[in-house]
Amino acid sequence: MEAMSFGTFLWVSLGAFLTLATFSFLYKDNPFYKFAEHLVVGVSAGYFVIILWHNGLQPNLFDRLNDGNWYLLWLNSSRWWYIVPAILGVMMWTRFSKKRAWISRWPIALYIGIATGLAIPLEMKNRVNMQLYSTMRAIDWSNFFGNGFLDSMAGYSQLLIFLGVLAALFYFFFSKEHTGVFKGVAQFGIWILMVGFGASFGYTVMARISLFVQRIQILENYTKTAWDSGDGLFLLFWFITFGIFAVLGVVQIIKHLTRKKTVTP
Amino acid sequence: MKHKLLIGCCLLLLPLLAPAWAQEAPVADTTTDSTAAMQAPAPVTDLTARDKENDHGHGIVLEWTPSVDDDGGLNNVFGYVIQRAESPDGPFEERGRVPIGAGGYDDIGSKERESDGFMPDYVDYYYLVRTLTVDEAVYTDSDIIGPVQSYGQWFNTGRIPVLFFVIGFMILTMYFITKARGGAKLFVRRLAGIEAVDEAIGRATEMGKPILYVLGLGTASDIATIASFTILGRVAKKVAEYQTGLIVPCYDPIVMTVAQETVRTSYMDAGRPDSYSDDMVYFVTQSQFAYVAAVNGTMLRELPATNIYMGKFFAESLILAETGALAGSIQISGTDEIAQIPFFVVACDYTLIGEELYAASAYLGREPVLLGSLKAQDYAKAAVIILAVIGFITINFDWGGFKQLFQVLD
Amino acid sequence: MKRQVPLALVFIFGIFMIIQYFVPHESSEWVFEFLLDWIYIIGIFALALGIWSLIRVSWEKIRYRKENWQYAAVTLLGLFFMIFFGFDYFRNFFNATGLQNFMFRHFFDYIMIPIQATMFSLLAFFIASAAYRAFRARSLLATLLLIAALIVMLRFNPYLGPLGDYMEKTASWLLNVPNLAAKRAIIVGIGLGIVATALKVILGIERAYLGKD
Amino acid sequence: MNIFDRMMSLDRRWVFLFLALVCVVTHVVPFSIPINTTEEVEAVFNFIDTLKEDDIIFVAIDYDPNSLAELHPMTYAIVEHAFRKKMKVIFTSLSQNGPGMADRTIRDITDSMMIERTYNGVTYPPREVKNGIDYVFLGYKPYPALVVVGMGQNFRIPFPSDYYGTPLDDHPIMKGVQNFDQVKCVVDISGTSGVDMWIAYGQGRYNFPLALGLTGVMAADYYPYLNSGQVFGILGGLLGAAQYEKLADNPGPAVDGMRVQLYAHIVIILFIVLGNVGFLMSRKRKG
């Protein structure tokens, strides 16, 4: 690995400090977390302003109107029709005034009209048509009992998927009280739902643990950089970064051990 | 029969073409020894070219019968090159390559005039398919086919099933809404998660603590967020009536704008316009985990009596719900993001699963007209179940025709 | 004007977008892409409202010395510096060199990324605490949830010996069969819910988003 | 508050603390864990293990940096195994963003050959693994399906020269090596559906033994090919990689990762059990 310059090391130290500050939230809300939280809110909001300006407005609006002149309101631009969204955008700003705020409803109405119209056929296709199509599936009757223990390709598994879908759909009926036969089917539906939820919860644990492992690795690399540099200044900063949290942690433990036992009502 | 004749004709033509190859590409083999005595393969036959249907133009579909030497015969075919020219005399340029066994190719160009790959509509094109062997210099060209033009269509026939579904559902919805307007009583069973919303507001009033309403990470173009606005309206009205606090941190500026309008209206409806302030509904940031950090902080500092999460949620669902539980709040959630439902089910007191979120927006409003659409949803669901059963039975009796009715081609 | 025009706009554009889906022709596509640009551009202009809200809320905290007002100053400073550097010290408004600015990049790499990645990694802890807190055999449904999760979590545990193999098979069956059925049913339901809600919006029945007066 | 109530209502910070400690300790302190090996991984290992010196295997590093975390350990384990046994390896990288990463990976592995190691009781002295003699890296060409078909005829068709621009015929390793017929097996390590190309156009047409290394999510979809015999072995995700590392007695990043995962899962399960024991016992007491 290349030797790291002291300047870069300071930035890395900041990153490590903020990482630990964010982790401190797990203990309780504290000034370090508050600092990290408020900092990241401001910085990320600013980041999006810049990204949306440079990568959004500029290519999608300014560049398209840039062959026009501002004093002609860009009407002489080759793609003058892009003034329309700009005007709509400016209409959003009427919300700064209490009296004219209603004008902002126009762009909002357009926005929502376009979005809902877009959603109807697409969602119908993706969520209803396609799912219905794949539910109608030929079962492999020749392999109904499958090979070995719980075979998901076996006929019975495929049949169970089909019945499970139907039962779970029954569970979602709103216009019928869950009674009688209906109750039985809906009950089976909710069982299927719960087993599915449990399985997908359990399955996600692995990915979440690896997120934490990645953070450990970052801190490990940071420590390695500091120790391997052989530079006193590097080590000092490393000590400060970890030291703050180590000292506070010890203080909390001492407090916890010496606390007066109060009986909670 | 026809194929064989064609192949026979082509084979007869081969000797005539042979000198042309020799000029065009001298058989010089420097790299390999195994391919030195490579014989030219038979050309592809039955080559057809037509405009690609159901598209915006700029696309031509080619189909052919693979060479007889492809997986059989001389067995020396390596792939095919599709070549195109604007006149039958050339020059031909390569448009794409496909491996052995392929019997078709979609020549799709760009519709952007400025782009390099621009392929204009209503222009005559001529195609030929070259059968390649592993030896670059040994190949056979098919007959040239053309002229063929590409153009755009005005109706996508591949999407007819979707059209039927959309129209059918529209009719159903309108029918029930008209029926509801006419005063018909529509029964809807109670949903625990929705009734909990009312209870939770009452609890907040008793405790004198605010309610935190999170609209999720959706934008105003997500229907889940739009449904959430209706629920927010309902919650805000109750909150205004009971004079409890309301906190709505927002992730998207347009969502913030709409939410402000919704909450303000609810306060006016409750007869307390003066209690409303724009600071109840505020913007945080458009970055997922920075937003979560801020909402987490708010939960632990304001200790809301109730947290309501309705809308689109992603990985942050569990971070929010667990922090809320730590703060001792009652939590009600609803999302249509399937991957997140398990986490809400585990960590919240009440969860509206999937479509219950949409039902809630109709249910909470308690307006008969809104309930009408809920009925339409139920009938559509029944239709889906019936169609699925019919489709399932027919396909298992080896009749796939019914299933094909529902296939959407894109 | 205040209510009728917006409702008409929702209706017209909604219906247009539905029809557009079935028309592949280039001209319909052109309008479609143009309209998507509208949505995008309106969204960016609206960001000004968001930033204004952020500034106002933070400023009022500072002005009235509300609780934690010092931290509101941190937010404002972060925001200001990010914009300042992003416009390359206010020198480059109209070209993207600001994105290459040293400070802009470093703020992104060493403030935004570590905090956000750490926030994300808190999930490792919360998934554990949620499991501990909620996976109790309280009722039949809770037990099903608990057992399914346990089996999937045990799927690669070597300490189980030969039982581990069965766990593995059961886990993959749970994921491929009941889980698939559950998801498919939810997807269909959500699809209908979305279409119903969207229709209500287009038809002007659901109008909470527009406000009143 | 009796013990059972306490088991039920532990402060969640104990959960956090234990989980963090276990993750950090198992990550930092290397110790071995039992890993159950499955048939499909053993098949790959045994196949390579029984090959002789100077046999050639073909390794396709068909993933890009996105799925590096899961797939890198496989590449390292398999290639190091082959090199230690003095086999020769032909590499390709048919993923557009992959070749640079593949190149670095190969160099990394050849570097680690310079260190003496003992695996499964056999000590392997350090040796220099040379480009052109012990391995050749062909690189990337577009149209993966055609490249696979082309290589089935002759490696020189799609790749007249290697990644570094040297003509293939200048490499001693390629002497007499025409196509897959001279290769003992192909191992495709991939994070995309590019695998299908190897199954359909490679194995399907040229009938060479094919083994796959896949991400955890993908693996389940390819088991049918294992049953039908088109593929002789599959390494699925971190778990598959860890099994190979175990069989090769060369614990690396995959075993490290599995150690943390295993113990983190155990901690969570123990807490769930604790909560339930408390819950059931206290309910029993109250009747």
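**Chain B, the sheet**

I began with the sheet of chain B, where 3 strands form an open, antiparallel arrangement in the order β1-β2-β5. The model I am reading is a predicted one. I noted that β1 (45-51) and β5 (104-108) of chain B are the edge strands, and because each has a single partner strand, one side of each is left without a neighbour in the sheet. I then looked up the angle between neighbouring strands of this sheet, which on average are turned by 15° against each other, direction ignored.

I next followed the pairing of β2 (residues 59-65) of chain B with β5(B), and found the two running antiparallel and joined by 5 bridges. Within this part of the sheet I located Leu62(B), which stands opposite Tyr105(B) in β5(B).

**Chain B against chain A**

I turned to the contact between chains B and A, in which 49 residues of chain B meet 44 residues of chain A. On the side of chain B that touches chain A, the elements giving two or more residues are α2 (160-181), α4 (223-242), α5 (253-269), α6 (288-302), α8 (341-347) and α10 (368-396) of chain B. Among these I recorded α10(B) as the element that gives the most, with 12 residues. By residue class, I entered this side of chain B as 32 nonpolar, 10 polar and 7 charged.

**Chain C against chain A**

For the contact between chains C and A, I listed 103 residues from chain C and 98 residues from chain A. The elements of chain C that give two or more residues to the side touching chain A are α1 (4-22), α2 (26-63), α3 (69-86), α4 (102-134), α5 (140-153), α6 (162-176) and α7 (178-202). I marked α7(C) as the source of the largest share of that side, 20 residues. The residues on this side of chain C divide into 82 nonpolar, 16 polar and 5 charged.

I also checked the domain assignment of chain C, which gives domain 1 (1-66), domain 2 (74-134), domain 3 (138-171) and domain 4 (177-208). Between domain 1 and domain 2 of chain C, I read a distance of 26 Å from one C-alpha centre to the other.

**Nonpolar cores**

Which residues touch the most other members of the largest nonpolar core? I found Ala259(B) and Ala149(C), in a core of 266 residues. To this core α4(C) gives the most, with 20 residues. I then looked up the surroundings of Ala149(C), and, leaving aside residues up to four places away in sequence, I found that Ala149(C) touches Gly198(A), Ala199(A), Phe201(A) and Gly202(A), as well as Ala131(C) and Phe135(C). I noted too a second, separate core of 97 residues, which includes Ala102(D), Ile109(D), Cys185(D) and Ala254(D).

**Chain D**

In chain D I found 11 helices and 8 strands, and I recorded a box of roughly 80 × 40 × 30 Å, along the principal axes, filled by its C-alpha atoms. Of the 287 residues in chain D, 48% are buried. When I took the contacts in chain D with a separation of 6 or more, 72% of them came from residues 24 or more positions apart.

I examined β2 (residues 88-92) of chain D, in which 5 of 5 residues are buried. In a regular strand the side chains alternate between the two faces of the sheet, so I looked at each face in turn. On one side of β2(D) I found Lys88(D), Ile90(D) and Thr92(D), and on the other Val89(D) and Phe91(D), all of them buried, so that both faces are covered. I closed with the pairing of β1 (residues 56-62) of chain D and β2(D), which is parallel over 5 bridges, and in which Val59(D) stands opposite Phe91(D).

Key
Residues numbered from 1 in each chain as written. Chains lettered and ligands numbered in written order. Predicted model: local features only at pLDDT ≥ 70, side-chain atom pairs only at ≥ 80, totals over all residues. Contact = placed C-beta atoms within 7 Å. Helix = DSSP H or I, 4+ residues; strand = E, 2+ residues; numbered from the N terminus. Nonpolar A, V, L, I, M, F, W, Y, C, P; charged D, E, K, R; others polar. Pairing = 2+ DSSP bridges. Axes fitted to C-alpha atoms, helices over the stretch in contact; angles between N-to-C directions. Core = buried A, V, L, I, M, F, W, Y, C linked by C-beta atoms within 7 Å. Buried ≥ 20, exposed ≤ 12 C-beta atoms within 10 Å, placed from the backbone. Domains from an automatic or database assignment.
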